[in-house]
Each structure stands twice: as structure tokens, then as C-alpha cells.
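Let's walk through this protein together, starting with the overall picture and then moving in on a few side chains. Keep the structure open in your viewer as you read.

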Amino acid sequence: MASAGVLVASLWTEVNRCGQSGDYTRALKALTKILHENKDDVTALHCKVVCLVQNGSFKEALNVMNTYSKVLGSDVVFEKAYCEYRLNRVESSLKTIESAPEQTDKLKELYGQVLYRLERYTECRSVYTDLIRNSQDEYEEERKTNLAAVVASVSQWENAPAGILDLPESTYELCYNAACALIGQGKLPEAFSKLQQAEEFCRVSLAEDSDVTEEDINSELAVIHSQMAYIMQLQGRADEALQLYNQVIKLKPSDVGLLAVTANNIITINKDQNVFDSKKKVKLTNTEGVEYKLVRKQLQAIEFNKALLAMYTNQADQCRKMSSSLQAQNPGHPLPVLIQVAQLCREKQHGRAIELLQQFSDKHPESASGIKLTMAQLYLAQGHVTKACDVLRSIEEFKHKAGMVSALVTMYSHEEDIDGAIEVFRQAIEHYQSEQPGSAAHLALVREAANFKLKYGRKKEAISDLEQLWKQNTKDVHTLAQLISAYSLVDTDKAKSLSKHLPSADTMALKIDVDELESSHGATYVRKKAAKATGENPPKEQGQGEIKKKRKKKKGKLPKNCDPKATPDPERWLPMRERSYYRGKKKGKKKEQIGKGTQGATGGASSDLDASKTASSPPTSPRPGSGSTTAAGSNVVPPRQQKPAAPGATRKKAPPKKKKGGKGGW
């Protein structure tokens, strides 16, 4: 027995030494030997659980705690909750923490992490606020970072005011979280500036460590760059955002959540273009463990985009299957239904699409606004304008908005249903009369209604609207004039009595000096133009302008070798071939060609027939137009030679054929 006690003491010494050096594997071996001697040793069991947790063996540690739960009791509540948290059993971890007899600081830290994973941000914020207020240790900066992350999540995912936090932005994590909160508030330029500040902090802090390489720095900056690209995308700078997203993807960061979000954002930029790139990027959203890194809304958006991508790639069956599954998971969300409707419209099944939208709007009236707008659009696409108007008028949320009233009036006017358009105006005016009487929107609707009624000859109906407007502002001359014009066709006596309220001509006349106006430069210019147009030429006064000098005509140049004393040729204006002394082009004497000519002809005969070898007097040519004839063709103008056709003008070359199976080049 004494030897066993000595052995156990030496084993505990070994455990202590291994614990201080961080060699938990070796410590486990010593603890196994100790437990072999005494399997119910609480301290040894507790130490074994800690060593397993330090080695990342969370399942084994949890099995030990569950097996010896009676022996260990509440001593390992924190370790059990932590193992469940690391194994993504968040709900079980929450129950374990809440069942603890005492809430220690480390349990509160874990409690905050669990609440954050469960997206219970309000409770999480109160936990971290209490920890920061009541703790003074080396982990204060980490708690502030976590609190800033909670505030940013509230701003981004719950669209709620985050409140003001007096947290010093001394680290790049705090700057990054502050930038995320600004994005949720819509302050994009300020958020981008804050991200640049976070990038600078990160580079400076990591450069101090000599073991950190440039690749490690870029990997750490990937999350900041991805958020910068997201701001660019929101600002409409899609090309810059896409370039930055691709840089993040090429780095292959270890954070699967970051990769999934970046790939999803690239897919949203591609939309229905570059679908092959989108199909490659969607694989990054299917990586194992992504569901534990992202919040519910992020995962939901990724699934919606997968269904849309299936539609864009003409995978109709897969699109229907995915959208139906999404609708079952999110019964009140309109997007899965809209995806199904879009797929049906691509298949030209508009009737089935409208039926599906009607069913959803009946089941979920709280989400029916966007659905009914889509229904109206489909009715308009089919030419059913009246049905579209009925659907739009059933949307209580937008029924009396100025844009909706304008759209309805336009559609009713297109269908020549003037009474329907006036009814839309009447309902909208009554709504504003009860809710916001005398407001700018109310008066604008009354004016538009009056103008519409006057346009379509409804004078009596327009009079009440114009009177209402004039009572609001009796100095409005334009409204008064419209009212008098309307009464002039209905009740002339009333029009005369109202005309007394018009301002006098003296008050409406502009105080203008007519003489000064006529003597102005512009008026003088107009008078000059008018006088010139009527043909009157009044004498110019001194100083109005000088008489333009006539240009001197240049003497024509004489041709070379011109003798000015000689008499010019009277036929010099005629073409050379039409002149009387034209003899044609001189040609050299043809050599006698032996063996050529008609069959049986001799050289002597050809020379006898040669007219150039016979002596004759010079021909006397008639003048052009004299009507006499001459030798064959000597003075007849030859026909103009037609230009030869351009190469390839009569026969076009066929375009090169596209190679089959190639990359699309010619």
C-alpha cells in the first residue's frame, strides 16, 4: 500500500509539471494511471476533463462528465457548458449555464457568447455591460470588443438604433465593429473611412511581430477588405467591389463564414450574367461548418440566392424543389413564393403564377403588399388593366400614396374610365382630409383632381375643389382664374362676382421704362432686322458702320508659251476631238504580218487595202453640227467606257463558319 501511495504521489507531481509546461497529452497518461488506482478520484477526473478540453477532445470530455456526473456534481458545470458550446449544441449549453447553482464570472462570459450565437442581442448586451462594469482584469479589451460586436449586430440585423457606446477605438477589432454599426445605420462613407482606419491599425499591430509574414497580414485583413467591397457594392461601384471580392477569394482564408459571405456577394453582382462563375462560387457556401459561423438572415439569403441561380441556369425542377423547401421553412416570407412565380412566368404559366400569389396573399395578409404589386404587374403584362387597378386599390398600405394615386389615375384614363379615376381622387382626398387636413400632400391632391376634372370637362365637379383651394389661399391668383373660368361656363353671375377679387391692371403691370427698353441694344438689333425684312432701307447714321470695301478681282493666269500678240484659236473652247483640224492620234506604220488575216489573203493584198499608204489630199472636215458625214468614225464621240466592277462586287464571299466544339472563335 505504501508503494501505491508513493506511486500516486509521483504521478501527481508529473501531472503538475505537465500542466505548467502545457503538455496535456502526457498529463492524461499520468491521470489515467491515477484513476486506475482510484476511479472515483474527483480531482483526477476534473483534471482529466480539463486536459481533454485543452486538447480539443470535447466529445470525450463530455462523455467523462456524463459518466461520472454523480461524482463530479456541479464542479464541472463550466466545462460541460463549454464543451456543448464548442460542439455547437448551443441550446444545451444555455440550459447547463442556467442550471448552475452559482453564476461565476467565467460562466457569465460563456453565457454572453451563447446568447450572441442565439441572436438574443439585448440580453447579451446587458451581460457584457455588467461584466465590463464589475471586472478588472487583463480581458477587459476582449469584453469591449464583444460588446461592440453585439451593438453592430443589433444595427445590422434588427434595424434598431444601436445607441451610443463610449468605447475607445484603440484596436482594429473595435474599429471594424464600429464600421459594421455604421453600415447598419446607412452611413456608408463614414463606415468606409472607419474600415481604412482598422486596416491601418491591423498592419501596425501585426508588423510588430517578427514571426508574422505578409501573407498572414493579408489573411487577417481579408475580413476588412470584404466589408470594404460590400460598401462599394452598396454604393453602386460593382466593378471595384467584384475585384476586391476576388482578391479575398484568392487568399483562401481559413474562416469559412467569410468565404461563404464573399462568394454570395459575388453571386449577387453577377445576377443572371456569368452564371458559370456563380456556379463555382456557390460551392464555397456549402462548406462544412458554415451554418455555425453565420447568422440566420445570412444563411437565409444564401439559400434564396441558390434558388435564383437554379432558375437562371434553367434548372426548373431544382428551382421548384428549393423554393418549395424554403417556403416550408419560412412560411411568412414572400421571397420563396416570388421565386416560384418567376419560374412559372419563364415557363409562360402566368395564370398559375397569379393563382399562387393570390393564395399567399390570402394566407399571409401581413406580407401581401409586395405580392399584390407583383400580381398587378402580371395583370398589366396580360393586358388586364382593370384587374390590375382592383388589385392595387386593395393594398391598404399604399392605397392613398401619391405614387399609387398617380398610377391608378393613369391606368383608368387609359381605359377611358374617368369616373373610376375621379373616385380614386375622392377617396385619397377624404383620407388626407381626415388624417392630414391642409397639408401639402392634401392640397396637391386637390389641385391635381381639379386639373383632371377640368381636362375632361367636369366643370361642376372641379368647382368645389377649386373653391377649397382658394379658401386655403385667397391670394392665389392662378387658382382664382381657374375658378372664374370654370364658373363662366356654369354660372356667369358667380364668375362676375368672383372676378372682383382679381387684382387691378395697375397692380399687375410691371414697372418698366418703355423708352429705356426701346433704346437698349437688343431692341435696336430687332428694329434693324425688321426694317431689312420689310424692304425699307433707311439711311445709315454716322457711326452705325462703315461701308464694306469691294474685293479686287485677281487677274487670271495665262498658260505657258502664250503669245499675247497672236490671235487665239476660235475653237479653243471645244473638245479636241470636235475641232475641225483634229486628225486623230498618229500611229506607227504597221509591219506586214505574214500568215495573218483572212484565210487565203496575201501580203500584197493587205498593203493595197491599207488606206494609209494611198496618196490623198487632206480631208476637209465639217464643223460640228453641220450635218454632213465623214470617214468612218473620225469625229463621232465614242461611248464612255464603263468602269470594271470592283473585285468581289458581283459575288460576295461567304463568311467563315464557326468551329464546332471550339471556344467560340472564328
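**A walk through the fold**

Take the contacts in this protein between residues at least 6 apart in sequence: 47% of them join residues at least 24 apart. Bear in mind as we go that this is a predicted model. If you scan the secondary structure, you'll find 32 helices and 0 strands. The protein has 666 residues, and buried ones make up 32% of them. As for the outside, the accessible surface comes to about 45400 Å², with 52% of that belonging to carbon and sulfur atoms.

One stretch comes with a label. UniProt, in an unreviewed entry, places the feature "repeat: TPR" at residues 222-255. In the model, that span is 79% helix and 0% strand, and its end C-alpha atoms lie 10 Å apart.

Now pick out a single helix, α27, which covers residues 477-488. Does its length come out as expected or not? At 1.5 Å a residue, the 12 residues of α27 should span 16 Å, and the end C-alpha atoms are indeed 16 Å apart, so the two agree. Which of its residues are buried? In α27 they are Thr479, Leu480, Gln482, Leu483, Ile484, Ala486 and Tyr487. It helps to remember that an α-helix has 3.6 residues a turn, so residues three or four places apart point the same way.

A smaller side trip takes us to serine 278, which sits in helix α16 (residues 275-282). Buried or exposed? Serine 278 is buried: its relative accessible area is 0%, and the cut-off for buried is under 20%. Who surrounds serine 278? Setting aside neighbours within four places in sequence, serine 278 is in contact with Ile267, Asn270, Gln273 and Leu309.

Next, the cysteines. A disulfide is a covalent bond between the sulfur atoms of two cysteines. How many disulfides does this structure hold? The count is 0. Cysteine 124 is buried, with a relative accessible area of 0%, and cysteine 389 is buried too, at 1%.

On to the charged side chains, where the count comes to 19 salt bridges. One of them joins lysine 144 and glutamate 140, whose side chains meet at 3.6 Å, N to O. Both residues lie in helix α10 (residues 140-157), 4 residues apart, or about one turn of the helix. The two partners fall into separate burial classes: lysine 144 has a relative accessible area of 19% and is buried because that is under the 20% cut-off, while glutamate 140, at 25%, is partly exposed. What else does lysine 144 touch? Not counting residues up to four places away in sequence, lysine 144 touches Ile132, Leu167, Pro168 and Leu174.

A second salt bridge brings together the side chains of arginine 203 and glutamate 214, again at 3.6 Å, N to O. This pair links distant parts of the chain: arginine 203 belongs to helix α12 (residues 188-207) and glutamate 214 to helix α13 (residues 214-234), with the two 11 residues apart. Both ends are partly exposed, with arginine 203 at a relative accessible area of 32% and glutamate 214 at 47%.

A third salt bridge is formed by the side chains of glutamate 240 and arginine 237, at 3.0 Å, N to O. Glutamate 240 counts as partly exposed at 40% relative accessibility, and arginine 237 does as well, at 30%. Elsewhere, salt bridges that share partners join Glu14, Arg17 and Arg26 into one network.

For a last stop, find arginine 125 in helix α9 (residues 121-134). Arginine 125 is partly exposed, with a relative accessible area of 25%. How far is arginine 125 from alanine 148? They are 23 residues apart in sequence and 9.0 Å apart in space, going from C-alpha to C-alpha.

Terms used. Residues numbered from 1 in each chain as written. Predicted model: local features only at pLDDT ≥ 70, side-chain atom pairs only at ≥ 80, totals over all residues. Heavy atoms only, no water. UniProt positions renumbered as here; feature names shortened; annotations may be inferred. Expected span 1.5 Å × (residues − 1). Buried < 20%, exposed > 50% of the residue type's maximum accessible area, 1.4 Å probe, protein only. Disulfide = S-S within 2.5 Å. Contact = heavy atoms within 4.5 Å. Areas by Shrake-Rupley, 256 points an atom, 1.4 Å probe, with all protein chains shown as cover. Salt bridge = Lys/Arg side-chain N within 4 Å of Asp/Glu carboxyl O.
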